[in-house]
Amino acid sequence: MTPFQAPTDDIRFCLDVHADIADIAKLPGYEDATPDMIAAILEEAGKFANDVVAPLNWPGDRQGAQFENGVVRTPDGYKDAYDKFVENGGNTLAFDPEFGGQGLPWSLAIGVQESWHAASMAWTLCPLLT
């Protein structure tokens with residue numbers, strides 16, 4: 001099996017050229033979206049996609065989710081991946097800091113989510129439910 005490689009260069013290109021993230025970062029409230037911050041977030045999101053999310057395809061396909069006695073059990077690795085996702089702030093990128101978010105542009109958050117979706121859509125749909 002070929003290892004997954006997140007398309008971080010392509011996402012960065014789209015953010016720079018099509019979304020014009022540099023101009024978005026000039027808007028009030030988005031001052032933290034500096035080029036260095038964006039690069040770091042994309043790099044870490046890519047690593048997470050490659051090393052944590054993509055390997056979930058195998059247990060996800062083989063085990064699937066199980067519903068037993070009123071409890072849903074996810075495939076091996078799903079819970080640990082979600083815990084890391086939350087720990088790394090993946091669930092807070094574009095949300096208002098007043099409510100625990102990082103206040104970064106939605107265009108960046110969507111680009112990051114694309115890495116995770118490409119790695120394992122089955123797992124990435126779970127955080128979108130909340």
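Buried residues make up 35% of the 130 residues in this protein. The model is a predicted one. Show the whole chain as a cartoon to begin: there are 7 helices and 2 strands. Along the sequence they come in the order α-α-α-α-β-β-α-α-α. Turn the model and compare its extents, since the C-alpha trace spans about 50 × 35 × 20 Å along its principal axes. Among contacts with a separation of 6 or more, 61% join residues 24 or more positions apart.

**Stop 1: helix H3**

Select residues 35-53, which form helix H3. How far apart are the end C-alpha atoms of H3? They are 25 Å apart, and this agrees with the 27 Å expected because each of the 19 residues should add 1.5 Å.

Now colour the buried residues of H3: Ile-38, Ile-41, Leu-42, Ala-45, Gly-46, Phe-48, Ala-49, Asn-50, Val-52 and Val-53. Which elements do the buried residues of H3 pack against? They pack against H1, helix H2 (21-24), helix H4 (57-63), H5, H6 and H7.

Stay on H3 and pick Val-52, which is part of this helix. Val-52 has a relative accessibility of 17%, and it counts as buried because the cut-off is under 20%. Leaving out neighbours within four places in sequence, Val-52 is in contact with Lys-47, Ala-81 and Lys-84. Add Tyr-82 to the selection: it is 30 residues away from Val-52 along the chain, and their C-alpha atoms are separated by 9.6 Å.

**Stop 2: the nonpolar core**

Next, show the side chains of Leu-42, Phe-48, Leu-108, Val-112, Trp-116 and Trp-123. Within the largest nonpolar core, which has 28 residues, these touch the most other members. Helix H1 (8-18), H3, H5 and H6 each supply at least two residues of this core. The most come from H3, with 8 residues.

Centre the view on Trp-116. What is Trp-116 in contact with, leaving aside its neighbours within four places in sequence? The list is Ala-45, Phe-48, Ala-49, Val-53, Phe-85, Gly-90, Met-121 and Thr-124.

**Stop 3: Ser-120 and helix H7**

Move along the chain to Ser-120, in the loop between H6 and H7. Is Ser-120 buried or exposed? Ser-120 is buried, with a relative accessible area of 2%. Its side chain makes a polar contact of 3.1 Å with the side chain of Asn-57. Apart from neighbours within four places in sequence, Ser-120 is in contact with Val-53 and Asn-57.

Then select helix H7, residues 121-128, and highlight its buried residues, Trp-123, Thr-124 and Pro-127. Look down the axis of H7: these residues cover an arc of only 95 degrees around it, so they are on the same side of the helix. Helix H3, helix H5 (78-87) and helix H6 (106-119) are among the elements that cover them.

Pick out Thr-124, which lies in H7. Thr-124 is buried at a relative accessible area of 4%. Not counting residues up to four places away in sequence, Thr-124 touches Val-53, Gln-113, Trp-116 and His-117.

**Stop 4: two loops with a positive phi**

Go to Asp-20, in the loop between H1 and H2. Asp-20 is not a glycine, yet its phi is positive, at about 50 degrees. Asp-20 is partly exposed, with a relative accessible area of 32%.

The second place to visit is Asn-69, in the loop between strand S1 (66-68) and strand S2 (71-73). Asn-69 also has a positive phi, near 50 degrees, in a residue other than glycine. How much of Asn-69 is accessible? Its relative accessible area is 79%, and Asn-69 counts as exposed because this is over 50%.

**Stop 5: the cysteines**

Finish by selecting Cys-14 and Cys-126. Cys-14 is partly exposed, with a relative accessible area of 38%. Cys-126 is also partly exposed, at 33% relative accessibility. How many disulfides does a search of the whole structure find? It finds 0.

Conventions
Residues are numbered from 1 along each chain as its sequence is written. This is a predicted model: local features need pLDDT of at least 70, side-chain atom pairs count only at pLDDT 80 or more; totals for chains, interfaces and linings use all residues. Side-chain values use heavy atoms; hydrogens and water are left out. Buried means under 20% relative accessible area, exposed over 50%, partly exposed in between (1.4 Å probe, protein chains only). Helices (H or I, at least four residues) and strands (E, at least two) are DSSP runs, numbered from the N terminus. The arc is that of the directions from the helix axis to the C-beta atoms. Contact means heavy atoms within 4.5 Å. A polar contact is a pair of N or O atoms within 3.5 Å; within protein, one must be able to donate a hydrogen and the other to accept it, and residues adjacent in sequence count only if both atoms are side-chain atoms. A disulfide is a pair of cysteine sulfur atoms within 2.5 Å. A nonpolar core is a set of buried Ala, Val, Leu, Ile, Met, Phe, Trp, Tyr and Cys residues joined through side-chain atoms within 4.5 Å. The expected span of a helix is 1.5 Å times one less than its number of residues.
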